[in-house]
Structure formats: C-alpha cells, structure tokens
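Biologist: Could you take me through this model step by step, so that each answer shows how it is reached?

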Amino acid sequence: MPIVVRDVTYSYSKGTSLENQVLNNLTFKVDEGKFTAILGDTGAGKSTLLRLVVGLLKPDNGTVLIDGFDAGHRSVKGTIGVLFQNPEKQLFSKTCYEDIAFGPLNLGFEKEDVHQKVLTASAIVGFEQKNLETSPFKLSGGEKKKLALAGVLAMEPKYLILDEPTTGLDYCGKKGLLSNLGLIHSKGTTIIMITHQLTELLSLAQDVLYLKDGTIDFHGSVQEFIEFPSSNKPPITHFMSKLNEHGLQVNQNLYTVNEAFSEIKSYVHKRMKDHV
Amino acid sequence: MFIQIKNVYFQYSKGNPVIKGIDLEIERGEFVAIIGKNGCGKSTLSKLLNGLLIPTSGHILIDGLNTASPSNLLAIRKKASIVFQNPITQFVRTTVEEDIAFGPENLNVPTDEISQLVNNSLEFTSMSEFRYREPKTLSGGQMQRTAIAGVMAMEPECIIFDEVTSMLDQKGKCEIFAYINKLKKIGKTIIYVTHRIEEVLDADRFVHLDNGIIDFIGTPTDFFKLDDLDQMGIEVPEIVQLYSMLYNEGIIKQSLEITDISRLEENLCQLLSEM
C-alpha cells in the first residue's frame with residue numbers, strides 16, 4: 001500500500017497556551033495510481049494533512065507511511081513531488097530555467113537530460129519558453145504557479161501532491177493544467193490534490209476525501225460524494241436539487257453543464273408529450 | 001472624478017511594456033472590476049493606483065493628487081489601500097490584533113481610537129476569536145480576512161482588492177463578498193481585480209485588460225453579450241452557460257438578467273416549473 005495514514009493526530013503549538021488541534025485521529029489509504037481529491041472548508045486541516053504526508057510535519061500520534069517508510073524518510077524523498085499553495089515558497093533561482101532544472105540536477109541527471117526535462121515540464125504546464133531566461137520573481141502570480149509546478153514535474157515524481165494548483169490561474173491556464181494532470185495521471189502517477197474547484201476536479205479524480213474540523217467526514221468515490229449530503233456541492237448539483245425543490249423530478253446527482261442540459265431537455269420534452 | 005488615469009504606460013526595468021496606454025476614470029463610490037487573463041497587467045495596474053509603482057509615462061491622479069510626486073504618497077495611501085493576492089506577504093506582527101493596529105499606528109491615530117478601529121475591523125471580518133493568534137498559523141482564508149481587517153482599520157476611501165479570494169473556499173468567498181457589499185453600501189470605492197468573472201457579476205462596470213490595453217469598459221450585462229468570450233479566455237459561470245444553452249435550444253424563451261447567480265437560478269427554476 002503506497003500511502004497509509006493511520007490514527008494521525010496533529011496540533012500546532014503543542015504544549016503551549018495556543019495549542020490548536022487541527023487533525024484528530026485520521027486513518028485512510030491511497031492506492032497506487034489513484035487520483036484523490038481532498039476537499040473541505042478553509043481551516044479543516046487539508047494543508048496540514050499534506051505537510052504530514054510529505055514529511056514536513058511529524059504527527060503527534062499515529063503514523064504516515066509512504067511505500068512502507070515513514071514520511072520524510074530519505075528513501076522516499078525523490079518519489080514525492082509537492083506543490084504548495086503559495087508558489088513563491090519554492091522559487092529561488094536567478095532564472096526560471098535554473099529553477100526548473102534544480103530538481104533533476106540534484107537527482108543526478110546529465111545536463112542534456114535535464115534540458116529535455118525542463119522543456120517537457122514547461123510545455124506540460126503551458127509555461128512560455130520566452131520567460132525561461134527571466135527572473136522567477138518578475139512573473140505574475142499565475143505564471144509563478146506554473147513555474148513552481150514545472151519544477152516539480154521535471155523530477156517525474158511517483159507521487160504528486162498538489163495544494164490548490166489552479167488557484168491564481170486564469171481559465172485557459174486552469175483548463176490546460178487540469179487536462180495535463182489527467183494525462184500525467186493516466187501514465188501512472190498517483191495524485192493527491194487539495195482543491196476548492198469542485199466541478200473540474202470531479203471529472204478527473206477517482207476518490208474524494210472530505211475533511212471537516214480535522215476528521216474525515218467522507219471517503220469514497222466521486223459519484224458517492226455527489227450523493228453524499230454534505231454542504232459542499234458543485235454549482236450544477238446545487239441547481240438540480242433546487243429544481244427538485246420546485247417540483248421538477250430531475251436527477252440531482254449531476255455536476256456538468258452538459259449533463260444538466262440533457263436532463264432538463266428530456267424532462268421538458270416528456271412533460272410536453274404528457275400534456276398532449 | 002476620484003481616480004483619473006491618463007494615457008499611462010508602464011514597464012519594469014529592462015522588460016517590455018506591461019501597461020500600454022491606459023485611460024480610465026473612476027468615480028467615488030463606484031464598484032469597478034478589472035478583469036483579464038494572467039499576465040495581462042491587472043496587478044501592475046492596481047499597484048500603479050496607490051503609488052507602489054509610478055507610470056513610465058502619463059499620470060494617475062487620486063482625488064487630484066499625482067502618484068508620481070513623493071510628497072503625495074502618504075496622503076494617497078490614506079485614500080487608497082490594497083489587499084494583495086498573497087496575505088502572508090503583508091503580515092508584520094506576531095498577533096492578529098497587533099497586525100491590524102499596525103496601519104493606524106503608522107498614521108498617528110490616537111491609541112484609544114486604534115483599539116476601537118481594531119475591534120470594529122475584527123468584528124467586520126469575523127476574526128475576533130482569532131485576535132491573539134499568530135497570523136502565520138491561520139488558514140489561508142483566515143489570513144486573508146486578517147489582511148482585509150488591517151486595511152479597513154486605516155479607513156481608506158478606496159480599497160483595491162487584488163485576487164483576494166484565490167485562496168478561499170466558497171464559504172470564505174461568500175463572507176468576503178458580503179463584506180465588500182457592506183463596504184459598497186457605506187460609500188467606499190471598490191476596485192476589484194480578478195480573472196474569476198462570477199465574483200464580480202454585481203460590479204457597476206467591467207474593465208477588461210488584454211496585453212496591457214483596455215479593450216472593454218461597460219456593464220457586466222453588456223459584457224456577456226460579447227460573442228468572443230471563449231477566445232478572450234473568459235470562464236462563464238456554469239449556471240449562465242446552462243441558461244444560454246436552454247435559451248439557444250428554445251426551452252427558455254425569456255431573456256434573463258445575469259448579474260446575480262442566485263437570482264438567475266431562482267428565475268430559471270420558476271420558468272422551468274411553470275412549463
């Protein structure tokens with residue numbers, strides 16, 4: 001089992017008057033090759049959970065195992081790529097090119113291989129080639145996000161851990177990134193992604209882990225999640241249940257515009273036939 | 001006119017021009033949304049508006065004060081404050097309440113007034129229970145609320161919001177929008193920079209930036225009438241997309257207002273249930 005989280009509890013400022021328990025007795029597994037979405041309100045403990053999985057935090061109680069090793073153990077470091085919410089935290093080189101190349105160079109790849117990896121990774125995230133020689137800190141927020149992700153992808157990690165990768169990206173950037181994540185996933189990478197963008201994610205992810213006040217409120221498939229009576233519904237699902245409240249007997253468990261359109265269309269046609 | 005932008009050009013050192021000749025006037029009390037793709041110059045424009053950046057050519061007047069004159073800067077920043085995309089870069093103190101007090105302290109506000117301002121700002125942003133926390137231990141949404149409280153405590157006439165919701169969940173966003181509405185009601189001028197159209201449907205005007213120039217100024221309803229939104233990289237809210245599809249199919253025959261998503265939903269439900 002590649003990622004196993006067992007009985008994990010975590011508090012910030014433990015042992016002080018500001019002690020703040022964020023995660024409470026969490027247990028779950030992520031199978032190899034799965035795309036798991038972590039959802040939950042602000043402050044539910046999502047980002048803390050990711051830091052525990054990549055080994056940046058140690059649990060107060062319980063264990064986090066990656067391929068059988070403790071998270072943060074030397075032997076798992078090259079296998080996990082992580083993109084933080086704030087991309088500036090992981091940019092530091094003089095040029096964007098050097099920033100993307102940093103990972104693969106440190107993993108011991110030859111310069112030519114590294115060059116190829118830089119180009120491939122920047123193409124995947126849609127980072128403009130002409131910006132490769134500029135300073136990372138002159139880029140706009142969205143471009144910084146793409147750059148940080150390119151740096152992670154250049155290492156070709158087995159596990160990709162993403163904290164809100166689409167925030168700050170515009171529509172084109174987001175669409176491009178999500179379809180490329182789908183591609184990376186289809187090639188066998190295990191992905192765990194925190195997001196607030198329900199609709200796009202539900203078409204990509206297989207599993208949903210829904211956190212509430214530091215505990216797991218729901219863990220299951222995407223379809224089960226749509227049917228789960230949580231407060232967090234995609235806009236279309238929300239609208240379809242509103243239609244039901246207005247007496248229209250339509251399927252509520254839909255989340256794409258096209259599905260909703262077909263459902264409403266066939267419902268209206270049926271109603272008209274019944275009238276005739 | 002509260003804000004006047006006249007033929008403004010701007011380029012970062014050695015770089016290509018980012019703002020390429022912008023003219024825009026904003027009245028006191030207006031809610032203006034500046035929209036456009038990543039890298040189109042939105043954030044640069046917002047930094048030009050309170051003198052963090054100075055135009056390479058052309059000029060910007062805030063309530064008649066030219067941002068290019070260093071002696072005007074303090075007065076300009078009392079009038080127009082920015083809340084940035086990334087809240088963590090704007091914290092300077094170790095607790096939330098001290099951080100909020102930082103602005104008014106630097107404006108020489110008397111101590112007893114400061115505590116009143118801090119309390120009001122905390123209450124406005126529902127952050128009172130976190131007043132003794134270190135800002136960096138808060139979640140992204142809570143941090144952003146702290147940053148907004150910090151700006152509010154300086155009581156500026158105009159607040160510039162630069163992609164402030166990008167780290168918030170739906171609940172956090174709703175809180176911020178409710179708060180912005182409140183600010184609008186008490187007469188504050190609001191300039192809201194975003195690429196997420198659904199956040200600004202109730203703005204008085206849309207200003208669309210493309211590659212450093214303004215190619216659209218007008219109401220949101222007029223904006224949605226443009227037929228090249230997809231090419232412009234505009235993400236149309238899903239309910240609006242659904243409405244357009246039902247309208248084009250002839251299922252919905254009425255033309256509906258699309259400046260408020262929940263009203264649009266309500267109208268659609270009404271029309272469909274009457275069939």
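The questions and answers below deal with a predicted model, and they go from sheets and strands to aromatic rings and cysteines.

Biologist: Which strands of chain A are the edge strands of the open sheet with the order S2-S1-S4-S5?

Modeller: Four strands of chain A form this open sheet, with antiparallel pairing, in the order S2-S1-S4-S5. An edge strand pairs on one side only, and that description fits strand S2 (20-30) and strand S5 (69-70) of chain A.

Biologist: Which residue of S4(A) is the bridge partner of Val4(A)?

Modeller: Strand S1 (residues 3-12) and strand S4 (residues 61-66) of chain A run antiparallel to each other and are joined over five bridges. Looking across to S4(A) from Val4(A), the bridge partner found there is Leu65(A).

Biologist: What angle does the direction of helix H1 of chain A make with that of S1(A)?

Modeller: Helix H1 (residues 46-53) of chain A packs on the sheet, where it touches S1, S2 and S4 of chain A. When the direction of helix H1 of chain A is set against that of S1(A), the angle is about 120°.

Biologist: Is Thr190(A) buried or exposed?

Modeller: Thr190(A) belongs to strand S8 (residues 190-194) of chain A, and its contacts beyond four places in sequence include Val30(A), Asp31(A), Lys158(A) and Tyr159(A). Because its relative accessible area is 2%, and the cut-off is under 20%, Thr190(A) counts as buried.

Biologist: How many of the five residues of S3(B) are buried?

Modeller: Phe31(B), Ala33(B) and Ile35(B) point one way from S3(B), while Val32(B) and Ile34(B) point the other way, and all are buried. Such a pattern is expected in general, because side chains in a regular strand alternate between the two faces of the sheet. S3(B) is therefore largely enclosed by the rest of the structure, and the number of its residues that are buried is five of the five.

Biologist: Which residue of S9(B) is the bridge partner of Ile34(B)?

Modeller: S3(B) pairs in the parallel sense with S8(B) over five bridges, and there Ile34(B) stands opposite Val193(B). S3(B) also pairs in the parallel sense with strand S9 (residues 205-210) of chain B, over four bridges. In S9(B), the bridge partner of Ile34(B) is Val207(B).

Biologist: Why is the pair of Phe218(A) and Phe225(A) given the class it has, and what is that class?

Modeller: Over all chains the structure holds eleven aromatic pairs. In one of them, the rings of Phe218(A) and Phe225(A) have their centres 5.4 Å apart and their planes at 55°. Since an angle over 60 degrees would be needed for edge-to-face and one under 30 degrees for stacked, the pair is tilted.

Biologist: What class does the pair of Phe31(B) and Tyr192(B) have?

Modeller: Phe31(B) lies in strand S3 (residues 31-35) of chain B and Tyr192(B) in strand S8 (residues 189-194) of chain B, so the pair ties together parts that are 161 residues apart in sequence. Both Phe31(B) and Tyr192(B) are buried. Their ring centres lie 6.4 Å apart with the planes at 70°, so the pair is edge-to-face.

Biologist: How many disulfides are there over all chains?

Modeller: A disulfide needs two cysteine sulfur atoms within 2.5 Å. For Cys40(B), the nearest cysteine sulfur is that of Cys172(A), 12 Å away, and for Cys158(B) the nearest is that of Cys40(B), 18 Å away. Neither Cys40(B) nor Cys158(B) is in a disulfide, and the count over all chains is zero.

Definitions and conventions
Residues are numbered from 1 along each chain as its sequence is written. Chains are lettered from A and ligands numbered from 1 in the order in which they are written. This is a predicted model: local features need pLDDT of at least 70, side-chain atom pairs count only at pLDDT 80 or more; totals for chains, interfaces and linings use all residues. Side-chain values use heavy atoms; hydrogens and water are left out. Rings of Phe, Tyr and Trp (its six-membered ring) pair if their centres lie within 6.5 Å; planes under 30 degrees apart count as stacked, over 60 as edge-to-face and the rest as tilted. Helices (H or I, at least four residues) and strands (E, at least two) are DSSP runs, numbered from the N terminus. Buried means under 20% relative accessible area, exposed over 50%, partly exposed in between (1.4 Å probe, protein chains only). Two strands pair if DSSP finds at least two bridges between them. Contact means heavy atoms within 4.5 Å. Axes are lines fitted to C-alpha atoms, for helices over the stretch in contact, and angles run from 0 to 180 degrees between N-to-C directions.
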